[in-house]
Amino acid sequence: MTRPAVSTANVVAYCGATPVLCDVDLAGVDFGSIPRTSIERIEITRGNSGAVLYGDGAVGGVINIVTRNPFNEPTAVRVDAGAGSLRAGEGAFSANRVVGDIAVLAHAAAVGSAGYRANNELRQRSLVGELRRAIGGGEVYATLSADTQHLGLPGPRRVSATVDEVASD
């Protein structure tokens, strides 16, 4: 039985018409920097057919994240929050406002967790702002985004036959 080859090095990801870039070439894409509330749909093209449209970097496939067009959305403000085990918490804010031929979007999100071991905390914050103007049959837009992430790596763990491993950590 043969197994298919799997590689993320030759898969490209786009958010709208913009490539989702990562810090280091050949590293994984940070999808956490894309606000979930801004996603309309996700299109996945498997295999090398994506190389025709997106170049030789896409011979393994294409992930195209199509974002919502603010001109097609009503004026809205949304706030989401959640909590979980290990002191995990998540919060998100999004707003959309259209006035005539100008649209303004704002997205902010924060995720955090203490992790299951010492020095295993997660902190991620992201902020996206967008200004669009409809001109004739098209649009002109400017997007500003910022993202920061910290994930601690747990240190060594002492194990012995007399210590309960779960209770000791």
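**Exercise 1. How many salt bridges does the count come to by the rule used here?**

Solution. The model is predicted: local features need pLDDT of at least 70, side-chain atom pairs count only at pLDDT 80 or more, and totals for chains, interfaces and linings use all residues. Residues are numbered from 1 along each chain as its sequence is written, and side-chain values use heavy atoms, with hydrogens and water left out.

Step 1. State the rule: a salt bridge is a side-chain nitrogen of Lys or Arg within 4 Å of a carboxyl oxygen of Asp or Glu.

Step 2. Apply the rule: the count comes to eight salt bridges.

Step 3. Examine one of them. E90 is bridged to R36, with the closest N and O atoms 2.0 Å apart. Because E90 lies in strand 6 and R36 in the loop between strand 2 (18–19) and strand 3 (39–46), the pair ties together parts that are 54 residues apart in sequence. Strands here are DSSP runs (E, at least two residues), numbered from the N terminus.

Step 4. Classify the two partners. Buried means under 20% relative accessible area, exposed over 50%, and partly exposed in between (1.4 Å probe, protein chains only). E90, at 33%, is partly exposed, whereas R36, at 61%, is exposed.

**Exercise 2. Identify which residues are linked with R41 in a network of salt bridges.**

Solution. Step 1. Begin with one pair: the side chains of R41 and E43 meet at 3.0 Å, N to O.

Step 2. Extend the pair: E40, R41 and E43 are linked in a network.

Step 3. Check accessibility: R41 has a value of 40% and is partly exposed; E43 is also partly exposed, at 32%.

**Exercise 3. Describe the order and direction of the strands in the open sheet of five strands.**

Solution. Step 1. Two strands pair if DSSP finds at least two bridges between them.

Step 2. Read the order: it is 5-6-7-8-9, with antiparallel pairing. Strand 5 (76–84) and strand 9 (138–151) are the edge strands, each pairing on one side only.

Step 3. Consider the inner pairs. Strand 6 (residues 88–99) is joined to strand 7 (residues 102–113) by 11 bridges, and strand 7 pairs with strand 8 (residues 122–135) over 12 bridges.

Step 4. Locate individual partners. A92 has A109 in strand 7 as its bridge partner, V99 stands opposite I102 in strand 7, and L105 stands opposite E130 in strand 8.

Step 5. Find the turn: strands 6 and 7 form a hairpin with two residues between them, and G100 in the turn has a positive phi of about 65°.

**Exercise 4. Which residues in the loop between strand 5 and strand 6 have a positive phi without being glycine?**

Solution. Step 1. L86 belongs to this loop, and its phi is about 60°. Its relative accessible area of 45% makes L86 partly exposed.

Step 2. R87 is found in the same loop, with phi near 55°. At 71%, R87 counts as exposed.

**Exercise 5. Which residues does A95 touch, not counting residues up to four places away in sequence?**

Solution. Step 1. Place A95 in strand 6.

Step 2. Apply the contact rule (heavy atoms within 4.5 Å): A95 touches A76, V77, V104, L105 and A106.

Step 3. Compare sequence and space for one contact: A95 and A76 are 19 residues apart in sequence and 5.6 Å apart in space, C-alpha to C-alpha.

Technical notes: Helix = DSSP H or I, 4+ residues; strand = E, 2+ residues; numbered from the N terminus.
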